[in-house]
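Visitor: Please take me through one part of this model in close detail. I would like to start at a ligand site and work outward from there.

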Amino acid sequence: MTQRVPCIDVIGLARCTGCFGCQSACHVDAIKLLLDADGFYKPLVDRNKCNECGLCQLSCPVILAQIGKLDADRFREPKAFAAWSKDEKVRLSSSSGGVFSELARQTLSAGGVVVGCVWGNGWTPEHILARTWSDVERMRGSKYVPSKVGDVYRQVKDFLAMNDNPVLFSGTPCQVAALEALLRPEQRERVLLVEFICHGVPSLRVFHLYMHELFGGESVVSYTFRDKTLGVPTVLATAAFRAQHLIPMSSDSFFQGFVCHHLYVMEVCSTCPFACMPRRGDITLGDFWGCPEQWQDKRGVSVVFASTEKGMEALQLTSKLGHVELRITEVAVATLRNSRAVRSRGYSIPRARRAFLDGMIKGASFKRLRGKYFPRRLHLFWYSFLSSQSKWRFIVSFIVRRIRRIQKMKE
Ligand SMILES: Cc1cc2nc3c(=O)[nH]c(=O)nc-3n(C[C@H](O)[C@H](O)[C@H](O)COP(=O)(O)OP(=O)(O)OC[C@H]3O[C@@H](n4cnc5c(N)ncnc54)[C@H](O)[C@@H]3O)c2cc1C
Ligand code: SF4
Ligand code: SF4
Ligand code: SF4
């Protein structure tokens with residue numbers, strides 16, 4: 001610790017992941033994470049309360065990653081699996097193979113608690129501590145927007161102080177790293193850290209704007225980012241008057257703006273310090289893109305990494321109890337189409353991002369912003385061509401054909 005100042009003064013807002021670690025670390029409650037104008041959680045320090053002890057720096061995962069102080073107790077190379085729940089209902093209602101729910105089932109049956117993300121009021125995700133299966137069911141499914149972690153890390157610590165039972169914590173890699181930094185070694189022993197491969201989080205305010213316009217201002221009563229009834233990941237929203245928005249994820253405009261154009265993704269996610277090996281979770285879950293043919297299944301297949309003995313034991317137990325189908329695979333196969341699992345160098349942030357968010361702040365509609373800032377079709381073609389792996393093959397073969405044609409003409 002070079003300076004005794006709050007961690008946000010060291011890293012700056014642009015590198016902050018909104019993990020809520022510092023809020024829980026501060027003993028005088030000088031930090032509160034609030035949703036900023038762009039739609040991301042950022043710390044606000046009460047300078048009257050802060051006594052400049054600098055202790056929150058020890059729990060800031062961005063600082064710990066920067067100085068190489070993240071817990072190093074991981075396998076050099078994780079064990080990789082294809083996996084899915086054997087419970088058809090669980091598998092179909094989960095984002096990929098439903099492995100999270102099966103790990104949660106195991107923790108609850110051992111008398112423990114499960115911490116994860118549910119939809120809160122006004123379609124705002126939040127982390128809760130669950131003791132029942134029905135709360136785990138609320139956690140099921142990815143909510144592709146930032147979660148309000150609140151004081152849940154403190155609740156985990158309180159639970160560990162008063163019980164001998166286990167805890168499963170699930171969240172983004174930055175949240176998992178934040179909790180790990182807050183735990184004492186004897187507390188860490190009872191916590192199973194489950195992270196997922198994370199592309200990033202888009203702005204919560206943009207999501208609310210998009211939702212508001214889905215049914216012309218009519219309120220939305222149910223929303224699933226990844227419904228499976230069409231056989232491809234599909235966004236399914238239902239309005240109060242029963243109208244439905246059912247559209248493949250790849251064609252949904254909120255998703256396109258987030259995943260393809262990165263117009264409202266959180267800035268730090270593009271160079272996420274946690275999107276790499278060694279992974280931060282005991283267990284890492286993701287979608288098995290590029291799944292070998294023998295396991296492909298439209299009901300969903302998860303890619304799973306175990307990076308510690310603890311993670312390995314938990315996976316083996318779910319498999320032994322007959323809850324999860326677990327097939328060993330190679331890390332290279334598991335990451336071939338999911339490079340986000342292994343490297344931080346992710347994507348670049350377009351210049352139009354700032355203009356898009358400023359437009360939202362000034363009150364423009366999502367439809368208008370989409371029309372103005374989403375790239376045109378021709379741009380998209382060139383963008384996907386230039387970022388495709390086959391571009392060099394295409395360019396080289398084009399040049400070779402040209403040269404041959406010129407040579408023939410000369411003959
Ligand atoms: C923002 C985000 C980005 C992702 N990016 C990728 C990616 O690039 N590549 C990839 O392979 N997989 C990605 N995933 C993970 C993937 O969508 C599945 O969540 C994962 O495969 C686990 O699926 P499952 O079927 O086991 O469990 P599910 O039941 O589908 O998973 C739900 C779990 O995710 C947690 N969760 C849901 N939303 C949030 C949230 N907003 N913040 C914190 N925790 C949350 C819940 O607590 C629960 O533990 C992402 C998930 C999220 C939320
Ligand atoms: S009092 Fe200490 S822990 Fe709290 S915000 Fe200030 S520097 Fe951080
Ligand atoms: S602990 Fe988390 S929320 Fe606080 S400054 Fe660091 S990254 Fe941001
Ligand atoms: S991409 Fe990285 S910084 Fe962004 S939410 Fe995911 S883990 Fe956190």
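**The shell around ligand 3 and beyond**

Guide: Ligand 3 has 16 residues around it, and the closest are Cys16, Cys19, Gly21, Cys22 and Cys60. Two elements, α1 (7-11) and α2 (21-25), each give two or more residues to this shell. The top contributor is α1, with three residues. By class, the shell around ligand 3 holds twelve nonpolar residues, four polar ones and no charged ones. Keep in mind that this is a predicted model.

The loop between α1 and α2 deserves a stop. Phe20 lies in that loop. Its phi is positive, about 75°, although Phe20 is not a glycine.

Now ligand 2. Its shell has 14 residues. Pro6, Cys26, Cys50, Cys53 and Cys56 come nearest. The classes here are eleven nonpolar, two polar and one charged.

Ligand 1 is next. It is surrounded by 33 residues. The closest are Ser94, Ser95, Gly116, His199 and Gly286. Sorted by class, the shell around ligand 1 has twelve nonpolar, 17 polar and four charged residues. Four elements each supply at least two residues of this shell: α5 (99-109), β4 (113-119), β6 (167-171) and β11 (283-287).

Three of those elements, β4, β6 and β11, lead into a sheet. This open sheet has eight strands. Their order is β5-β4-β6-β7-β11-β12-β3-β13, and the pairing is mixed. At the edges stand β5 (125-130) and β13 (324-329). Each has a single partner strand, so one side of each is left without a neighbour in the sheet. On average, neighbouring strands of this sheet are turned by 25° against each other, direction ignored.

Look at β4 in particular. On one pairing, β4 and β6 run parallel, joined by three bridges. Val114 stands opposite Leu168 in β6. On the other pairing, β4 and β5 run antiparallel, joined by six bridges. Here Val115 stands opposite Leu129 in β5. In general, side chains in a regular strand alternate between the two faces of the sheet. The strands β4 and β5 form a hairpin with five residues between them. In this hairpin, Gly122 takes a positive phi near 60°.

Which sheet strand has a loop before it with a cis peptide bond? The strand is β11: Pro278 sits in the loop between α11 (253-260) and β11. The peptide bond from Met277 to Pro278 is cis, with omega near -5°.Back at the β5 end, a helix covers strands of the sheet. α7 packs on the sheet and touches β4, β5 and β6. The direction of α7 makes about 5° with that of β5.

α7 also has a helical partner. The axes of α7 (residues 152-162) and α8 (residues 173-182) come within 10 Å. They cross at roughly 45°. The two helices are therefore oblique to each other. The crossing of α7 past α8 is right-handed. From α7, the residues in the contact are Tyr153, Val156 and Lys157. From α8, they are Ala178, Leu179 and Leu182. By class, this contact of α7 with α8 has five nonpolar residues, no polar ones and one charged.

One more sheet completes the tour. It is open and has three strands, in the order β8-β9-β10, with antiparallel pairing. Its edge strands are β8 (220-227) and β10, each pairing on one side only. Neighbouring strands of this sheet are turned by 5° against each other on average, direction ignored.

Within this sheet, β9 (residues 234-239) and β10 (residues 244-248) pair over five bridges in the antiparallel sense. One bridge joins Thr238 to Gln244 in β10. β9 and β10 form a hairpin, with four residues between them. In the turn of that hairpin, Arg242 has a positive phi of about 75°.

To return to the start: ligand 3 has Cys16, Cys19, Gly21, Cys22 and Cys60 as its closest residues, and α1 gives the most to its shell.

Note on methods
Residues numbered from 1 in each chain as written. Chains lettered and ligands numbered in written order. Predicted model: local features only at pLDDT ≥ 70, side-chain atom pairs only at ≥ 80, totals over all residues. Near = placed C-beta within 6 Å. Nonpolar A, V, L, I, M, F, W, Y, C, P; charged D, E, K, R; others polar. Pairing = 2+ DSSP bridges. Axes fitted to C-alpha atoms, helices over the stretch in contact; angles between N-to-C directions. Parallel < 35°, antiparallel > 145°, perpendicular 65-115°, else oblique. Left-handed = near helix turned anticlockwise from the far one by under 90°. Contact = placed C-beta atoms within 7 Å.
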